[in-house]
Structure formats: structure tokens, C-alpha cells
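This report goes through the fold of one protein chain, then its largest pocket and a few backbone details. The sequence and the structure come first.

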Amino acid sequence: MKKLINNPRAVVEESVQGFGLAYPDLVTVSTDPTFITRKDAPVSGKVGLVSGGGSGHEPLHAGYVGVGMLDAAVPGAVFTSPTPDQILPATLAANSGAGVVHIVKNYTGDVLNFETAAELAEAEGVSVRTVLVNDDVAVEDSLYTAGRRGVGGTVLVEKIAGAAAERGDGLEAVAAVGERVNANVRTMGVALSACTVPHAGTPSFDLAEDEIEIGIGIHGEPGRHRIPMENADGITDRLLEPVLADLGITSGDRVLLFVNGMGGTPLSELYIVFRRAAQVLAERGATVERSLVGNYITALEMQGCSISVLRLDDEFTELWDAPVHTAALRWGV
């Protein structure tokens, strides 16, 4: 294993320290327990947004703390849920009196720990609502979830719900927007290679040189099937078809197309995937009105990508276009 680390057990701590030093104008890093907040948190009168999960998916979630997105992010150990004693102070720090929305990916540990923290926050007088993200069409159940996993759609939920909170929507309205985004986005991914968790020191699964895993999870969970390597167009079709079928995309639909890298795939290859996905959508009569391409929810250095499609309406488009200023997403400010 060759990685730019010191102690494998200190990866998250040192990474979060470095993130705070890199973006002191945007965030404040709290330690013991560890969580990250907007520099100006809590923002008076605004619904707070908090998300988190295992580290190793950067820039998710810390990279989305800032104006127009999250008020706080809670990083767990690599591929491991943060604990309630991290989530609770982050929730309290994000609360300005208007309540807090938790955005939670559908993994058992995340769900249970955020649920516990929400109960503790409610006991301290903070109203909490939870948006559960479960956009992965690859599997219905796995060892890590009950139901579908939360993957690339998480970024879109955080952006659009974050914009709703920034414009002044109330607690129930912000949660409802987040739930509506989740209901209209689907994702599927592929792995060309495994990643190596630092404290494990070996690849998380085995893939032969000529194999790929279709429907992989962001922690290396098994997908739908393992097949021989194909060209980019063939792989893109395999990822996109289940997404479009599940969403029921038809002629006249407007969509946001999001091609996400898993951490080890060059942008040039992601654009090749986007090219084919855009062609397929055009053939279906759908219009790609908004796009996002890059490494936005990763699995350490895994080679591969995911494709997310969000059905747009006027409100989603307006909220997507709204100003955002974070380490990983910024426009309109």
C-alpha cells in the first residue's frame, strides 16, 4: 500500500485538520468530538442543514459546508458512520432556532446514529427533521442497508435543500424539498478497480484485470453482476438504462445529468461517459438542462464512476442555480 499518509489511524484527524487550514474563510473545525461548521454558523433565522458519514468520500460532506449548502458536516472514520456524540454538537451548532434538517444516506449505522442524535437534540429543544437518501437502483438490500443505498444523489439533495434553506424556507418546507429531490433522482455506479482502506492495507475486494463490477456501492459493496471489461459506451448504457427505467424518463422530461468519479478516474474518461449518457437521453427525447461532472462523492482511489439523473422542474432548476460557496461547489456568489 502506497498512500500519502502518516499513521493509518490518524488519517481522518489529519485530513480534517488540513481541510480546516485550507479553507479558514469558509469553515470552522471543532475537535473532541470532530465536526465542521460554516464559519458564520448558526445563521440567524435559517433552518440548519447537517449531514455526515464515513470519511473516504471526499469532498462529501465537508466540502459542501458553506453558503447555499450545509451548515455542518460530521466525518466518521473511513467508511464508518459518525457517532451520536459527534452528530449532536454539530446539530446544536447549526441550530439558530428554526430547526435542523439531517440529510442521511441510507446505511444502517448512519441511520441509527443520526436517529439517536436527533432524539437527543429534540430533548434539548431543537426540532429535527430527517431526509433519507436512497437513490441507488443497483440493489434493494445489502449487508450495509435496509433498502436502497444513498449515493450520488446525496450531493443533489444537499445542494437543492441547502438553497431552499438559504432563501428562508421553514423546517418542514426544506425537508419536503429534500425528500422530493430524493424521489426524483436515481443513481448507478461501476467499479473498474477496488480501493484500499488505510487501516486495512489491502484492497477491499478482488477484481480481475479484465473484470468490472456493475452496480457497485461507494464502500465497495457488491453490485448487480461482474462482467468482462467493455468500452465506455457499453458501460454507460448498462448504468443508465436501469436509472431511466426506474425514473420512468420519457420524451419531454428535463433532467440534470451528473457523472461522478469514484476517486481514481480521469476527468477525460468521465466526459466520455457524459457524452454517451447525453446522447441516450437525447434519443429518448429528454433535455439535459443542467450538468455536473467530476469527483464529488468518491470511494478513496477506486476507479469507476456513477451516473445520476434528476428529473427537473422549475423549482429544482431555480434552487440548483442559486448561489453556493463551498470548498467543492461554488457559483453565483
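## Overall dimensions

For a compact globule of 333 residues, a radius of gyration near 20 Å would be expected, and the value for the protein chain, 19 Å, agrees with this. The model is a predicted one. The C-alpha trace of the protein chain spans about 55 × 50 × 35 Å along its principal axes.

In secondary structure, the protein chain contains 8 helices and 14 strands. Two open sheets are described below, followed by the pocket.

## Sheet with strands 1 to 6

One open sheet is built from 6 strands in the order 1-2-4-3-5-6, and its pairing is mixed. Its edges are strand 1 (27-30) and strand 6 (128-133), each of which pairs on one side only. Ignoring direction, neighbouring strands in this sheet are turned by 20 degrees against each other on average.

At the strand 6 edge, strand 5 (residues 100-105) pairs with strand 6 in the parallel sense, over 6 bridges. Within strand 6, Thr130 is the bridge partner of His102. Helix 5 (residues 171-183) lies across strand 3, strand 5 and strand 6, and runs at about 5 degrees to strand 6.

## Sheet with strands 7 to 12

Another open sheet, also with mixed pairing, has 6 strands in the order 9-8-7-12-10-11. Strand 9 (225-228) and strand 11 (287-294) are the edge strands, each pairing on one side only. The average turn between neighbouring strands of this sheet is 20 degrees, direction ignored.

Strand 7 (residues 185-191) and strand 12 (residues 304-311) are paired in the antiparallel sense over 7 bridges. Ala191 stands opposite Gly304 of strand 12. Helix 6 (residues 232-247) packs on the sheet and touches strand 7, strand 8 (211-214), strand 9 and strand 12. The direction of helix 6 makes about 160 degrees with that of strand 7. Helix 7 (residues 267-284) also packs on the sheet, where it touches strand 10 (254-261), strand 11 and strand 12. Between the directions of helix 7 and strand 10 the angle is about 155 degrees.

## Largest pocket

The largest pocket holds about 690 Å³ of space. It is lined by 35 residues, and those closest to its centre are Ser15, Ser55, Gly56, Glu58 and Leu300.

Helix 1 (11-22), strand 3 (48-55) and strand 4 (72-78) each contribute at least two residues to the lining of the largest pocket. Helix 1 provides the largest share, 6 residues. By residue class, the lining of the largest pocket consists of 20 nonpolar, 11 polar and 4 charged residues.

## Backbone details

Two cis peptide bonds can be located in loops. The bond from Asp32 to Pro33 is cis, with omega near 5 degrees, and Pro33 is in the loop between strand 1 and strand 2 (35-38). Ala41 and Pro42 are likewise joined by a cis peptide bond, with omega about -5 degrees. Pro42 belongs to the loop between strand 2 and strand 3.

Phe79 is a residue other than glycine with a positive phi, near 60 degrees. Phe79 sits in the loop between strand 4 and helix 2 (84-94).

Conventions. Residues numbered from 1 in each chain as written. Predicted model: local features only at pLDDT ≥ 70, side-chain atom pairs only at ≥ 80, totals over all residues. Heavy atoms only, no water. 1 Å grid on protein atoms, 1.4 Å probe; cavity = no way out; pocket = protein on both sides within 12 Å on 5 of 7 lines; lining within 4 Å. Points joined across faces, edges and corners; volume = space filled by probe spheres on them. Helix = DSSP H or I, 4+ residues; strand = E, 2+ residues; numbered from the N terminus. Nonpolar A, V, L, I, M, F, W, Y, C, P; charged D, E, K, R; others polar. Pairing = 2+ DSSP bridges. Axes fitted to C-alpha atoms, helices over the stretch in contact; angles between N-to-C directions. Contact = heavy atoms within 4.5 Å. Rg over C-alpha atoms; globule rule 2.2 N^0.38 Å.
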